[in-house]
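Notebook open, structure loaded. I want to go through contacts, strands, cores and rings in that order.

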Amino acid sequence: MVAIKFLRPALAAAAAVLVLGAGLVAGTDTTADDAYAAVGSPSTSATPPVSAKTVSPVGALFANGSHFCTASVVHSGAGDLVLTAAHCVQSGMSFAPGYHDGVAPLGMWTVTGVAVADGWTSSADPDLDFAFLTVQQPGNPASLESLTGANVLGTGRGFDHAITLTGYPDTTDSPVVCTGTTTRFETYQLRVACPGFPDGTSGGPWVTGGAVIGVIGGYQLGGDTPDVSYSAYFDDDIAKLYASVTG
């Protein structure tokens with residue numbers, strides 16, 4: 001798939017694969033801590049010596065040798081699903097879970113499929129600024145989720161939550177983390193005041209109680225200041241997209 005790279009706060013529309021479907025997200029017992037867990041450098045090893053579920057499900061998205069956005073593992077039956085912002089989608093992406101200090105403890109996972117909502121493809125609707133990525137690591141029989149754990153997808157949960165927000169600024173090789181309280185910004189937009197989330201943090205997950213309820217994106221592609229971030233509200237639109245990807 002060919003797409004264009006967009007970082008906050010640029011304004012443009014990405015070309016991406018459209019997947020349609022219906023249904024609601026099912027619950028699961030597989031969750032990750034709300035607080036930032038152990039993260040750690042891109043490795044070329046297909047099976048790095050890391051104990052299961054010791055690496056954070058949050059990681060950096062790479063293309064052309066550099067990280068440019070943030071993503072996180074979300075629960076799925078196949079264990080190969082990653083969530084980010086739709087405006088992050090471009091060709092040649094790979095995902096490094098738990099990336100820190102120039103180290104990817106589980107190596108790089110190649111993005112093999114992309115799903116975004118119809119309204120994002122047609123008009124870059126900020127209320128649909130989310131994307132699911134399917135990933136794999138050649139030569140590794142384990143699923144990504146079996147190594148990192150995952151957050152469940154939380155939909156229709158309202159606008160006021162205490163969250164943990166994680167993202168990878170373009171200029172650093174380790175994530176920034178903030179805890180904050182979300183509020184309603186627009187009809188289908190969430191807002192949170194968290195300092196230090198500049199370019200590169202787009203797609204960073206908003207996590208509460210083991211569920212991801214947003215990603216940095218939406219209004220102004222996540223915000224035009226590093227101290228205030230936005231997210232599209234997760235409702236039936238993302239639930240249908242998730243169901244179409246996971247079956």
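I started with the neighbours of L61. Leaving out residues up to four places away in sequence, L61 touches S66, H67, F68, C69, T70, A71, T84, C88, M93, S94, F95 and L133. Note to self: this is a predicted model, so I read these contacts as computed ones.

Next I looked at the strand around that spot. Strand 1 covers residues 58-63, and 6 of its 6 residues are buried. Which strands does strand 1 pair with in the antiparallel sense? I found strand 2 (residues 66-73), joined to strand 1 over 6 bridges. I also found strand 4 (residues 94-97), antiparallel to strand 1 over 4 bridges.

I then checked individual partners. On the strand 2 side, F62 has H67 as its bridge partner. On the strand 4 side, A60 stands opposite A96. The hairpin of strand 1 and strand 2 has 2 residues between the strands, and there I noted N64 with a positive phi near 55°.

Then I went to the cores. The largest nonpolar core has 44 residues, and L61 is listed with L83, F130, F132 and L153 as having the most contacts inside it. I looked up who supplies this core: at least two residues each come from strand 1, strand 2, strand 3 (81-84), strand 5, strand 6 (131-136), helix 2 (144-148), strand 13 (211-215) and helix 3 (236-246). Strand 5 gives the largest share, 5 residues. There is also a second, separate core of 12 residues, with I163, L165, L190 and I216 among them.

Last, the rings. How many aromatic pairs does the structure hold? I got 8. I picked Y99 with Y168 for a closer look: the ring centres are 6.1 Å apart and the planes sit at 45°, so I logged the pair as tilted. The angle falls between the 30 and 60 degree cut-offs for stacked and edge-to-face, which is why tilted is the label.

Where do the two tyrosines of this pair lie? Y99 is in the loop between strand 4 and strand 5 (109-116), and Y168 is in the loop between strand 8 (162-167) and strand 9 (176-181), so the pair ties together parts that are 69 residues apart in sequence.

Buried or exposed, these two? Y99 comes out at 4% relative accessibility and counts as buried. Y168 is at 0%, so I put it down as buried too, the cut-off being under 20%.

One link back to strand 1: F62, the bridge partner of H67, forms one aromatic cluster with Y99 and Y168.

How values were computed. Residues numbered from 1 in each chain as written. Predicted model: local features only at pLDDT ≥ 70, side-chain atom pairs only at ≥ 80, totals over all residues. Heavy atoms only, no water. Buried < 20%, exposed > 50% of the residue type's maximum accessible area, 1.4 Å probe, protein only. Pairing = 2+ DSSP bridges. Phe/Tyr/Trp six-rings, centres within 6.5 Å; stacked < 30°, edge-to-face > 60°. Core = buried A, V, L, I, M, F, W, Y, C linked by side-chain atoms within 4.5 Å. Contact = heavy atoms within 4.5 Å.
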